[in-house]
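Take a first walk through this protein with the structure open beside the text. Follow each stop in the 3D view as it comes up.

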Amino acid sequence: NKETFTWEEYLKETSSTPAPPNCFRQSRVPPTNDFKMGMKLEAHDPRNSTSVCIATVMGLMGTRLRLRLDGSDNTNDFWRLVDSADIQPIGTCEKNGDMLQPPLGFRMNASSWPMFLLRTLSGAEMAPATAFKREPARPPQNGFKPGMKLEAVDKKNPYLICPATIGEVRGDEIFVMFDGWRGAFDYWCKYDSRDIFPVGWCSITKHSLQPPGNSVTLPKSLQSPPPPPPSSSSSQTKPTRRSMQSPYRLSTPLPPLPVRKGVRG
Ligand code: MLZ
């Protein structure tokens with residue numbers, strides 16, 4: 001059936017091979033997701049990672065949780081794995097002698113935080129300690145090679161996990177290229193990122209997997225090189241615009257290939 005994506009067919013079509021599972025900072029046996037909608041927990045504020053906040057489970061997919069910080073609005077939801085070191089049971093922060101913080105962009109006056117905290121926790125269902133799984137160890141070194149296939153979180157649409165290819169390897173960094181999207185969603189990350197998974201992960205954990213896009217992947221000779229990885233000295237530098245780098249950059253889009261049904265997100 002050509003209309004549903006399967007890795008088996010796709011790997012044959014593209015004559016490519018999956019990145020070995022031991023390259024990833026993921027458990028060989030994926031953890032179970034024992035959280036439930038509405039449960040509360042402690043989470044590091046993604047926009048201010050030194051502060052620990054109260055979060056509510058707003059959704060579950062595979063081994064991932066959609067989280068919203070209590071006191072924040074609905075536009076800053078984020079996703080974490082059940083074995084992420086960024087989340088912990090309620091009470092952990094206090095046990096460590098720390099204080100729960102209001103999220104960045106707390107909707108109310110700062111003086112109302114203590115009362116808000118009291119009310120948001122009273123009668124709340126707290127995620128049990130057993131639902132939090134230990135974060136797997138990082139692989140000892142970067143084992144990725146260009147061309148290897150994987151499943152990766154689309155950081156612009158973080159609810160999506162999509163088929164991707166390793167484009168380049170430099171030190172501890174890898175360039176993740178999303179198949180069929182002409183570079184629009186590609187990014188550099190560390191080889192031990194929690195946002196990348198071995199081929200088959202979504203199917204095992206019952207997470208949806210977006211099929212590849214339908215844009216042509218240009219032959220290597222016509223591709224512009226990936227932007228440089230964020231170096232430690234200039235980690236905030238924006239990647240150079242690719243269109244500036246290659247004389248071969250197409251100015252008009254290529255015609256779309258015959259569309260598989262349900263490909264577009
Ligand atoms: N449907 C949206 C999301 C694309 C997601 C791509 N992921 C690699 C779009 O077409 O822009």
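The buried residues of α3 pack against two strands, β1 (40-45) and β2 (48-61). This is a predicted model, and helix α3 is a good place to enter it. The helix covers residues 113-121. Its buried residues are W113, F116, L117 and T120. Look down the helix axis: these residues fall within an arc of 100°, so they line one face of α3. Now turn to the face that points away from the buried side. There sit the exposed residues P114, L118 and R119. Just after α3 comes G123, with a positive phi of about 75°.

Go back to β1, one of the strands that the helix packs against. D45 belongs to this strand. Is D45 buried or exposed? Its relative accessibility is 1%, and buried means under 20%, so D45 counts as buried. Which residues does D45 touch, leaving aside those up to four places away in sequence? They are S51, C53, L69, P103 and L104. With L104 there is a specific link: the side chain of D45 reaches the backbone nitrogen of L104 at 2.9 Å. D45 can also be compared with F78 in sequence and in space. The two are 33 residues apart along the chain, while their C-alpha atoms are 9.7 Å apart.

Next, find the open sheet. Five strands form it, in the order β9-β8-β7-β6-β10. Their pairing is antiparallel. Which strands lie at the edges? They are β9 (187-190) and β10 (196-197), and each pairs on one side only. Further in, β6 (residues 149-153) runs antiparallel to β7 (residues 161-170). Five bridges join this pair. One position to pick out is V153, which stands opposite I161 in β7.

Two loops deserve a stop for their backbone angles. Most residues other than glycine have a negative phi. S15 is not a glycine, yet its phi is positive, about 30°. S15 is found in the loop between α1 (7-13) and β1. Its relative accessibility is 68%, so S15 counts as exposed. R182 is another non-glycine residue with a positive phi, here about 50°. Look for R182 in the loop between β8 (173-178) and β9. With a relative accessible area of 35%, R182 is partly exposed.

Now step back to the whole chain. How many helices and strands does the protein have? The count is four helices and ten strands. From the N terminus on, the elements run α-β-β-β-β-β-α-α-β-β-β-β-β-α. The protein has 265 residues, and buried residues make up 43% of them. Consider the contacts between residues at least 6 apart in sequence. Of these, 63% join residues at least 24 apart. On the outside, the protein exposes about 15100 Å². Carbon and sulfur atoms supply 55% of that area.

To close, return to the starting point with these stops in mind. Helix α3 turns W113, F116, L117 and T120 to the buried side, and the buried residues of α3 pack against β1 and β2. In β1 lies D45, whose side chain reaches the backbone nitrogen of L104. Elsewhere, the five-strand open sheet runs from β9 to β10 in its strand order.

Notes:
Residues are numbered from 1 along each chain as its sequence is written. This is a predicted model: local features need pLDDT of at least 70, side-chain atom pairs count only at pLDDT 80 or more; totals for chains, interfaces and linings use all residues. Side-chain values use heavy atoms; hydrogens and water are left out. Two strands pair if DSSP finds at least two bridges between them. Buried means under 20% relative accessible area, exposed over 50%, partly exposed in between (1.4 Å probe, protein chains only). The arc is that of the directions from the helix axis to the C-beta atoms. Contact means heavy atoms within 4.5 Å. A polar contact is a pair of N or O atoms within 3.5 Å; within protein, one must be able to donate a hydrogen and the other to accept it, and residues adjacent in sequence count only if both atoms are side-chain atoms. Accessible areas come from the Shrake-Rupley method with a 1.4 Å probe; for residues, only the protein chains shown count as cover.
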